[in-house]
Amino acid sequence: MLLRREAHRRIAIPQPAHAGLSGQLAAAWGNAEFAAPRPEAVLAAALHDIGWAAWERAPTRDPETGWPRQFPDVSKLIHVGLWRDGVATARLYGRWPALLVSLHADTIYSRHYDPRVASAEEREAVSALLDDQHALQAELIASLRADPAAGDASDEAVEAARLFVAAVDELSLVLCWGLDGPRDVCEVPSRSGRTATLTVAPAGDAVAVAPWPFAARRLAVAADGKALTAPFPSDDALRRGLRDAPAVTLSAVLVPG
């Protein structure tokens with residue numbers, strides 16, 4: 001779950017809803033500078049947080065604030081199970097989605113996990129998850145390369161697809177949390193073979209993105225959330241509050257920067 005702070009409320013956005021916005025961005029991607037993604041990468045972008053579905057149906061609160069616990073604050077002992085479920089569910093959609101969701105777990109842990117501040121139990125759980133995912137990735141890549149109809153599964157193609165899913169994930173997070181100034185989305189694959197940095201910034205009622213990675217010259221995206229007006233005294237109260245809270249649409253219009 002993500003929380004968007006507004007003046008007198010918080011907007012709670014489930015992880016799958018944020019991932020759905022990532023899918024919208026992915027489906028619109030591609031121009032002379034940035035290659036359009038393969039369809040399976042668009043699907044993987046939309047699915048990458050599907051493992052969070054069970055947690056989102058019964059979320060917990062941050063006991064210090066009373067607001068819903070955001071995804072970076074969920075225990076790694078829970079986190080690894082959510083990733084396992086997500087990859088297993090993505091496998092039902094195909095080898096490419098499973099591979100890219102698995103690789104996205106690698107990306108998340110390499111960028112945002114610091115074993116120095118984790119407990120021994122957490123370090124063991126994360127290490128076991130990554131060992132399992134690396135074995136699965138090798139199996140899936142070998143299977144894809146042995147299948148002429150599966151498309152290019154070279155190291156370069158797989159790495160570009162991994163970075164692409166990470167880029168639209170990061171851009172979606174920026175849009176969901178909201179902008180109060182420029183933000184950079186780094187390591188975005190481009191047609192040149194090098195990676196680019198996208199700068200995302202408020203532009204009146206729109207959001208400016210430079211360099212522009214989309215096919216159209218204007219892109220509208222949206223995600224559903226729940227409007228919360230006060231913190232909660234217990235997890236049960238939080239779950240009832242989320243069930244009864246009014247639904248709201250968070251929307252953004254992207255334009256070239």
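This passage looks at two helices, a surface patch and the cysteines of a predicted model. Local features were taken at pLDDT of at least 70 and side-chain atom pairs only at pLDDT 80 or more, while totals for chains, interfaces and linings use all residues. Residues are numbered from 1 along each chain as its sequence is written, and side-chain values use heavy atoms, with hydrogens and water left out.

Helices here are DSSP runs (H or I, at least four residues), numbered from the N terminus. Helix 6 (residues 120–145) has 26 residues and reaches 37 Å between its end C-alpha atoms, close to the 38 Å expected; the expected span is 1.5 Å times one less than the number of residues. Its buried residues (under 20% relative accessible area, 1.4 Å probe, protein chains only) include Leu129, Gln133 and Leu140. These buried residues pack against helix 4, helix 5 and helix 7, with contact meaning heavy atoms within 4.5 Å.

Helix 7 (residues 155–177) should span 33 Å, and its end C-alpha atoms are indeed 33 Å apart. This helix is mostly covered, with 17 of its 23 residues buried. Gly178 comes right after helix 7 and has a positive phi, near 95 degrees.

As for the cysteines, there are zero disulfides (sulfur pairs within 2.5 Å) in the structure. The sulfur of Cys176 sits 19 Å from the closest cysteine sulfur, in Cys186, so the two are too far apart for a bond. Cys176 counts as buried because its relative accessibility is 2%. Cys186, at 42%, counts as partly exposed, a class that lies between buried and exposed (over 50%).

Notes
Helix = DSSP H or I, 4+ residues; strand = E, 2+ residues; numbered from the N terminus.
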